[in-house]
Amino acid sequence: MDIKIIENALRDYKRKKSVIETTLLRIQNYKEAISNPDSFTHIFLGSSREPGMPRGTAGGSSVEIAIEDKEKAVEMLREWIKDDSSRIYPLQIEKEQIDAAMGALTIQERFIIECKYFENMFWRDIEINFNDKFRQQNYITYEGLKKMNKEALELLARILEPYYTRFKTS
């Protein structure tokens, strides 16, 4: 399996995790509104999709139109929950796969992967932080850290291969 696939997935991990967390919080707010419909006075029409400029409609801007009918508002919230849940499902699966695979790494390997791919740090910065955190007898240079990183990526690739090869197009 190509290590680049794993590296790209790790680089995008933090963004996907943020999308999942934000969407789950939005779903939680929708559920709270559904459980207590008297807590809101109206729901603004629009989309629960990624934020952007509202699209105009013949009846005016979608942001300007409000639903006063509670039953219709609750039904719309239920639809938004369904849409958001289905949108983040593949991201949740990928995040769970990566989290589980990261569990197979040593603490040091995980630290290197998190610094390099999640925090986008430079090798010199990783070297300093690694040696400060793990105070070993021998100072490990960034060349040694790169070797540990390569071994960790190869392990992750072996673990994640079944997941990523299912979605790979030939």
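## The lining of the largest cavity

The lining of the largest cavity divides into 4 nonpolar, no polar and 4 charged residues (nonpolar: Ala, Val, Leu, Ile, Met, Phe, Trp, Tyr, Cys and Pro; charged: Asp, Glu, Lys and Arg; polar: the others, Gly among them). The lining is made up of A9, Y13, K16, K17, L91, E94, K95 and I98. Helices α1 (3–35) and α2 each supply at least two of these residues.

This is a predicted model, in which local features need pLDDT of at least 70 and side-chain atom pairs pLDDT 80 or more, while totals for chains, interfaces and linings use all residues. Residues are numbered from 1 along each chain, and side-chain values use heavy atoms, without hydrogens and water.

A cavity is a set of points on a 1 Å grid over the protein atoms alone where a 1.4 Å probe fits but cannot get out, and lining residues have an atom within 4 Å of a point. There is 1 cavity of 30 Å³ or more, and the volume of the largest is about 40 Å³.

## Helix α2

Helices are DSSP runs of H or I with at least four residues, numbered from the N terminus. Helix α2 (residues 70–102) has 33 residues and should span 48 Å at 1.5 Å a residue; its end C-alpha atoms lie 46 Å apart, which agrees. A kink of about 35 degrees is found at Y89, shortly before the proline P90 (the angle between axes fitted to the seven residues ending there and the seven starting there).

## Helix α4

In α4, the residues W123, I126, E127, F130, N131 and F134 are buried (under 20% relative accessible area, against over 50% for exposed, with a 1.4 Å probe and protein chains only). Seen down the axis of α4, the buried residues fall within an arc of 120 degrees, so they line one face of the helix. The face turned away from this buried side carries the exposed residues R124 and K133.

Technical notes:
Helix = DSSP H or I, 4+ residues; strand = E, 2+ residues; numbered from the N terminus. Expected span 1.5 Å × (residues − 1). 1 Å grid on protein atoms, 1.4 Å probe; cavity = no way out; pocket = protein on both sides within 12 Å on 5 of 7 lines; lining within 4 Å. Points joined across faces, edges and corners; volume = space filled by probe spheres on them. Arc of directions from axis to C-beta.
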